[in-house]
Each structure stands twice: as C-alpha cells, then as structure tokens.
Amino acid sequence: MQCYGQVSLAAGVAIGDGVILVADLGCHLVIAPGVCLGSGVLVRASKGNLVIETGANLGSGVLVLGQGRIGPHRSEEHTSELQSHSDL
C-alpha cells in the first residue's frame, strides 16, 4: 500500500495488494474502520475531503476521485431504479 498526503487510515481496514491512497494538497482522505479495499484500488481525495465510511467495500481495480462520502448503503430510490433496469 502507498499513501500520499493527509490520509487517515483506521485500524481494522482490509487492504489488498497495490492499493494507493492519495489526498491532494489541502484535502483529507479518511478511511474508517471496517472498510475493505480490494487489490489495485486507487482512492484520491481531490477538491475537498473524502470519507470512506465503515462497512464500505471497494472491489478490485476501483478508482475513486473527488470529494464526499462513500458508505455501505444505497437509498431505496436507487435500489428501485436498479431493480427496474434488471428486467431489460
């Protein structure tokens, strides 16, 4: 794993091979306990702070760039939208 910039990594994070965590200048990347980062994941906080919340799972090869929050739950509206598209 490689870390650059202001990165806060909690204990208990599962980290695969080749993970890269980056926080641009003036940004903060927070990885909460219980997060799972698959092999080859790249997470970069840019233009603000980025928080990966407890229980979030980022699969192998995922690229996350930007600011905001990523958590383990989907809204009911989003889930309904996905279910309606599965019939196509």
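This report describes the fold, the confidence and selected residue environments of a predicted protein model.

**Overall architecture and confidence**

The model is a prediction, and its secondary structure amounts to 1 helix and 9 strands, which follow one another from the N terminus in the order β-β-β-β-β-β-β-β-β-α. Of the 88 residues in the protein, 30% are buried, while the protein exposes about 5,500 Å² of surface, 52% of which is supplied by carbon and sulfur atoms. Among contacts with a separation of 6 or more, those between residues 24 or more positions apart account for 1%.

The mean pLDDT of the protein is 87, with 82% of its residues at 70 or more. Confidence is highest in strand E4, at 98, and lowest in helix H1 (residues 76–85), where the mean is 47. Over residues 77–88 the pLDDT is below 50, and this stretch has 2 contacts in the model beyond near neighbours in sequence.

**The salt bridges**

The structure holds 2 salt bridges, set out below with the distance between the closest N and O atoms.

| Salt bridge | Closest N and O atoms |
|---|---|
| Arg44 and Asp24 | 2.8 Å |
| Glu53 and Arg69 | 2.6 Å |

In the pair formed by Glu53 and Arg69, distant parts of the chain are linked, with Glu53 in the loop between E7 and strand E8 (57–58), Arg69 in strand E9 (residues 63–70), and 16 residues of separation. Glu53 is partly exposed, at a relative accessible area of 25%, whereas Arg69, at 60%, is exposed.

The other pair consists of Arg44 and Asp24. Because Arg44 lies in strand E7 (residues 42–52) and Asp24 in the loop between E4 and E5, this pair ties together parts that are 20 residues apart in sequence. Arg44 is partly exposed, with a relative accessible area of 36%.

**Asp24 and its partners in strand E7**

Asp24 sits in the loop that runs between strand E4 (20–23) and strand E5 (29–31). Is this residue buried or exposed? Its relative accessibility is 19%, so Asp24 counts as buried, the cut-off for that class being under 20%. The side chain of Asp24 makes polar contacts with the side chain of Arg44, at 2.8 Å, and with that of Ser46, at 3.1 Å. Once neighbours within four places in sequence are left aside, the residues in contact with Asp24 are Arg44, Ala45 and Ser46.

Ser46, which lies in strand E7, is buried as well, with a relative accessible area of 14%. Beyond its neighbours within four places in sequence, Ser46 is in contact not only with Asp24 but also with Cys27, Leu65, Gly66 and Gln67. The polar contact of 3.1 Å between the side chains of Ser46 and Asp24 therefore joins two residues that are each classed as buried.

Lys47 is also found in strand E7, and at 75% relative accessibility this residue counts as exposed. Its backbone deserves a remark: Lys47 has a positive phi of about 60 degrees although it is not a glycine. Most residues other than glycine have a negative phi.

**Val35 and its surroundings**

Val35 is placed in the loop between E5 and strand E6 (36–37), and with a relative accessibility of 1% it counts as buried. Which residues surround it, when neighbours within four places in sequence are left aside? Val35 is in contact with Gly12, Val13 and Ala14, and further with Ile52, Glu53, Thr54, Gly55 and Ala56. One of these, Glu53, is also the residue that forms the salt bridge with Arg69. As for Gly12, its C-alpha is 7.7 Å from that of Val35, although the two residues are 23 residues apart in sequence.

**A nonpolar surface patch**

On the surface, Met1, Leu9 and Ile15 form a nonpolar patch, and together these residues have about 240 Å² of accessible area. Met1 belongs to the segment before strand E1 (2–4).

Technical notes: Residues numbered from 1 in each chain as written. Predicted model: local features only at pLDDT ≥ 70, side-chain atom pairs only at ≥ 80, totals over all residues. Heavy atoms only, no water. Helix = DSSP H or I, 4+ residues; strand = E, 2+ residues; numbered from the N terminus. Buried < 20%, exposed > 50% of the residue type's maximum accessible area, 1.4 Å probe, protein only. Polar contact = N/O pair within 3.5 Å; in protein donor to acceptor, adjacent residues only side chain to side chain. Contact = heavy atoms within 4.5 Å. Salt bridge = Lys/Arg side-chain N within 4 Å of Asp/Glu carboxyl O. Patch = residues over 30% accessible without salt bridge, like charges linked within 9 Å, V, L, I, M, F, W, Y side chains within 5 Å. Areas by Shrake-Rupley, 256 points an atom, 1.4 Å probe, with all protein chains shown as cover. pLDDT = per-residue confidence, 0-100.
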